[in-house]
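Here are my notes on this chain, as numbered points. Please read them with the structure open.

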Amino acid sequence: MTGMRRERRRPQWERMRGYAWLLPSLLLIGIVMLDFNTGAAFRIVSWIVLVPGLAAAVCGVGATACIAVVSLVAYALVDHAWPDHYKAGLPDFVLVALGGALATLVAALRVRQERRMLRMQDILETSVRAVLRPLPARWAGLEQAGAYLAADVEAQVGGDFYDIQPSPYGTRVLVGDVQGKGLGAVEAAAALLGTFREAGYHEEDLGTVAERLEIRMLRHRVHTTAIGQEDGDRFATAVLVAFSRGAPGVVDVINFGHEAPLAIGPHGVRELPDGDGAPIGLCDLTGGLPPTRRVPLAPEETLLLVTDGVTEARNRKGEFYDLQGDVAAAMAADPGCAAPRLLVRRIRDGVLRHSGRRLTDDTTIYAVRRLPESEESPGTGPLPGARERGLSEKEGYF
């Protein structure tokens, strides 16, 4: 996801970098022309020292060095064209030479730092891709779409996560957000997803899956504290949803203090139970796990789950993004936008437009709805060759 966006940005930036030398070149030409046209009483040829400084900000090391040399030669030629008593002389020549040398050094340091930042971004994005595995658009009886928007470069990567797990008892969905940022948050998200993929498959009761997630977070915190990490007290808000085959008109929802899901369909937008439970890892403070709520969800309705990067996105005036209002307006204009792919695209574009593309937190948008039985895709039946290998039908899910 994010890695693919990075690969698309780099060639464009490199193409722009190829023309960066034009800016300092235009400045050099302007200074030379202005020096010849202001008369002897007002010599500005020494302003050429600004040219290598500008090149250091926008050009590579080689281009900056070349511009520094050209600037020095231009200074010598322009100054030599004036009579002796109007020449700026050797002191300004030394100033331009020293400015060029320092500009080349600054360019080298800047390029080195840029490369280091790109390597760090690649590491963080690879970590996120390792956590958020690719999901088919149609899988396990569900049609789904998701979008993950990384925060601004200045911010660290967060711990947003989502996944689908088919099982003999139906299909389970998990969307959540680990508290904090950095690789520690990614590690916690990976731990929760690993547990969800196992418990979501093996456990029949959704409450037991929730309990396994709570225990996993507690164990993860004990481990990170034991190895000396200072951020070992993490927790996660999340929504756990179960789509049962035997009850096509309802879903079971356990909300660990997360944003309330939205049900979106031909009859409008409605909010499902909010996050009345404690986050994963803090349930002992409230005396137990959040309750399992069975709520109606019509086959044509889409379930929308987001992280707080959506609801807390702000514009320049400090106003929050109106998720429910934006979705309601979109549905009024085109009921067909309830399709997961279209809905996710609409909200992604809305968040970026509202925030001016300045995201301060990682943002996840996830939409899912049931497929008609005639359109169900693989993932809900036994694995090929399962019977030949002696696996039971319950073991034929992945």
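1. Start in the interior, with Y162. Is Y162 buried or exposed? Its relative accessible area is 7%, so Y162 counts as buried, the limit being under 20%. Bear in mind throughout that this is a predicted model.

2. Y366 is buried too, at 0% relative accessibility. Y162 and Y366 form an aromatic pair, with 5.0 Å from centre to centre and 35° between the planes. The pair is classed as tilted because 35° is neither under 30 degrees nor over 60. Y162 sits in strand β3 (residues 158-167) and Y366 in strand β11 (residues 363-370). With their positions 204 residues apart in sequence, the pair links distant parts of the chain.

3. How many aromatic pairs are there by this rule? The count is 2. In the pair of Y75 and F93, the ring centres are 6.0 Å apart and the planes meet at 45°, so this pair is tilted. Y75 belongs to helix α4 (residues 61-80), F93 to helix α5 (residues 90-131). They are 18 residues apart. Burial separates the partners: Y75 is buried, with a relative accessible area of 1%, whereas F93 is partly exposed at 30%.

4. Strand β3 also holds G159. G159 is buried, with a relative accessible area of 1%. Leaving out residues up to four places away in sequence, G159 touches G176, D177, V178, G180, A185 and A189. Q179 is 20 residues from G159 in sequence, yet the C-alpha to C-alpha distance is 7.2 Å.

5. Now the nonpolar cores. The largest has 49 residues. Which residues have the most contacts inside it? They are F161, L240, V241, F243 and Y366. Helix α6 (residues 183-202) gives this core its largest share, 8 residues. Take L240: beyond its neighbours within four places in sequence, L240 contacts V173, L174, F196, L206, V209, A210, L213, D252, V253 and I254. Another core lies apart from the largest one and has 24 residues, including I264, A313, L343 and A367.

6. Helix α9 (residues 323-333) has two sides worth checking. L323, D326, V327, A330 and M331 are buried. Seen down the helix axis, the buried residues of α9 fall within an arc of 135°, so they line one face. A332 and A333, on the other side of α9, are exposed. The general background is that an α-helix has 3.6 residues a turn, so residues three or four places apart point the same way.

7. What do the buried residues of α9 pack against? The partners are β7 (262-265), β8 (268-271), β10 (302-306), α8 (308-311) and α10 (340-355). At the N-terminal end, D322 caps α9. A side-chain oxygen of D322 lies 3.0 Å from the backbone nitrogen of G325.

8. Helix α10 has 16 residues. From first C-alpha to last, α10 reaches 22 Å, close to the 22 Å expected at 1.5 Å a residue. Its buried residues are P340, L343, V344, I347, G350, V351, L352, H354 and S355. The cover over them includes β2 (142-149), β7, β10, α8, α9 and β11. Just after α10, G356 takes a positive phi of about 65°.

9. H354 deserves its own point. H354 is in helix α10 and is one of the buried residues there. A polar atom of the H354 side chain lies 3.4 Å from the backbone nitrogen of Y321. Setting aside neighbours within four places in sequence, H354 contacts A313, R314, N315, E319, F320 and Y321. A313 is also among the residues of the 24-residue core.

10. Last, the whole chain. The secondary structure comes to 10 helices and 11 strands. Of the 398 residues, 45% count as buried. What share of contacts between residues at least 6 apart in sequence joins residues at least 24 apart? The share is 70%. The pair of Y162 and Y366, 204 residues apart, is an example of a link between distant parts of the chain.

Definitions and conventions. Residues are numbered from 1 along each chain as its sequence is written. This is a predicted model: local features need pLDDT of at least 70, side-chain atom pairs count only at pLDDT 80 or more; totals for chains, interfaces and linings use all residues. Side-chain values use heavy atoms; hydrogens and water are left out. Rings of Phe, Tyr and Trp (its six-membered ring) pair if their centres lie within 6.5 Å; planes under 30 degrees apart count as stacked, over 60 as edge-to-face and the rest as tilted. Helices (H or I, at least four residues) and strands (E, at least two) are DSSP runs, numbered from the N terminus. Buried means under 20% relative accessible area, exposed over 50%, partly exposed in between (1.4 Å probe, protein chains only). The arc is that of the directions from the helix axis to the C-beta atoms. Contact means heavy atoms within 4.5 Å. A polar contact is a pair of N or O atoms within 3.5 Å; within protein, one must be able to donate a hydrogen and the other to accept it, and residues adjacent in sequence count only if both atoms are side-chain atoms. The expected span of a helix is 1.5 Å times one less than its number of residues. A nonpolar core is a set of buried Ala, Val, Leu, Ile, Met, Phe, Trp, Tyr and Cys residues joined through side-chain atoms within 4.5 Å.
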